[in-house]
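Here are some notes for a first look at this entry. Please read them with the structure open beside the text.

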There are 2 protein chains.
Amino acid sequence: MNGILYGVGVGPGDPELMTLKAVHLIRETEIIAVPGTEPKETVAYQIAVQAVPQLAEKTLLPVPMPMTHDREEMRRNHKKGAALLESYLKQGKNIVFLTLGDPCVYSTYTYLQKIVVSDGYQTALVSGITSFCAAAARLNLPLSEWNEPLHILPAAHHPDASLQAPGNYVLMKAGRKMSQVKEILKSSGRDVYMVENCGMENEHVYHGAEEIPDNAGYYSLIIAKEQGQKSF
Amino acid sequence: MNGILYGVGVGPGDPELMTLKAVHLIRETEIIAVPGTEPKETVAYQIAVQAVPQLAEKTLLPVPMPMTHDREEMRRNHKKGAALLESYLKQGKNIVFLTLGDPCVYSTYTYLQKIVVSDGYQTALVSGITSFCAAAARLNLPLSEWNEPLHILPAAHHPDASLQAPGNYVLMKAGRKMSQVKEILKSSGRDVYMVENCGMENEHVYHGAEEIPDNAGYYSLIIAKEQGQKSF
């Protein structure tokens, strides 16, 4: 019988935000895959090993997923990663694939799972705390109340979004488009907050679009709320 | 010194989806508040006690938050609830307030925290797994990929939403407006999934708007994806 591939969210950074289910599954599974070339240097590993020290003694599979805008290269990487995972699954071994945040929300793991599923293997997902929930908690701020819609945008892909729909916005992964995104935020008339590296050692909180540096890190999360709402 | 009020997410139903932080905080805190009249009958308590059996021996504060559309009555209930919490905070006691899902996403706890903060007390939030992440994991389905926006709507307040913006939709708490919401879903041309009571004993999964019963329960979560996307 083939093994099962589990996509397991480890949350956004603080190991205490891992779920019991993630901890138990990592503990019970011998093969752990991580997105990256050097397993022990990946963020996902470094989060998980703090909650599950036994992780250091497991078989760690590196699955390189370099960021690239070359779609063909991306596909090649996904196929190679999936082939590596399948080489263990067909030996009947279960695999836990560690993903940052939640595996259903903008996770590169999604691409691997699609291939593995279409090749006939069984897969499952274990939810993790999303970066936007953690950032809101850090700010002690509700993301959405009562009748407010909540819009989550991968901002680097939507640098010209107007943010004019009713409700609140979460902008993820603004990264290299940060200066453009800041302009949108300024003209949106919204209350703006940003948390960089939420729950990690180098965490930083910003209030107002003006405060946000153009070179903010990859793990930066922006919350843009309708004005007139009281933050706590 | 006054105590601190912690809004702690217990996730959507499966106690294994509680975070280590929630478990530790519940274990270490003597006063636990729950939304409802009979603490041990509330959903939040019943989730948490499975992960932290010691909860049964704690001081349980019932904070009634009946669903009502009478804003004045709602405000009175919030004020009463906040006053109860403050009576312990001013004795220097910390309180953990259990919330379903995540305390930043459509949580009635938000209203209590606002009052308690404006009365000068310290508060903090601990993230929980949201119902929409758990439902997507249950369906083995990504909520959002690559450049797709994700829109989260409290559906009972937006029964005439068109669902025409690019990206995917999560509809929460459609409840009493379910028959109207089903009509929108049908005319949206989207792939529709619903999970009722996700992670609980009476969980039920539906595919397609037609399958959804008009009298689906309060804990029903709908995912409406752009067509042409492959679910796993």
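The points below take up the relation between the chains, then the aromatic pairs.

1. The model is predicted. The remarks that follow should be read as statements about that predicted model.

2. A turn of 180° with a shift of 0.0 Å along the axis lays chain B on chain A, and the RMSD is 0.0 Å. That is how a two-fold axis relates copies. Both copies use the same surface, since 100% of the contact residues of chain B recur in chain A.

3. How many aromatic pairs does a search of the whole structure find? Over all chains there are 2. One of them joins A:F97 and A:Y109, with 5.2 Å from centre to centre and 40° between the planes, and is tilted. The planes count as tilted because 40° is neither under 30 degrees, as for stacked, nor over 60, as for edge-to-face.

4. This pair links distant parts of chain A: A:F97 sits in strand β4 (residues 95-99) and A:Y109 in helix α4 (residues 109-118), 12 residues apart. A:F97 is buried, at a relative accessible area of 1%. A:Y109 is buried too, with 1% relative accessibility.

5. In chain B, the ring centres of B:F97 and B:Y109 lie 5.2 Å apart with the planes at 40°, so this pair is tilted. B:F97 belongs to strand β4 (residues 95-99) of chain B and B:Y109 to helix α4 (residues 109-118) of chain B, so the pair ties together parts 12 residues apart in sequence. B:F97 counts as buried at 1% relative accessibility, and B:Y109 counts as buried at 0%.

Definitions and conventions: Residues are numbered from 1 along each chain as its sequence is written. Chains are lettered from A and ligands numbered from 1 in the order in which they are written. This is a predicted model: local features need pLDDT of at least 70, side-chain atom pairs count only at pLDDT 80 or more; totals for chains, interfaces and linings use all residues. Side-chain values use heavy atoms; hydrogens and water are left out. Copies are superposed by least squares on the C-alpha atoms of residues with pLDDT of at least 70 in both. Contact means heavy atoms within 4.5 Å. Rings of Phe, Tyr and Trp (its six-membered ring) pair if their centres lie within 6.5 Å; planes under 30 degrees apart count as stacked, over 60 as edge-to-face and the rest as tilted. Helices (H or I, at least four residues) and strands (E, at least two) are DSSP runs, numbered from the N terminus. Buried means under 20% relative accessible area, exposed over 50%, partly exposed in between (1.4 Å probe, protein chains only).
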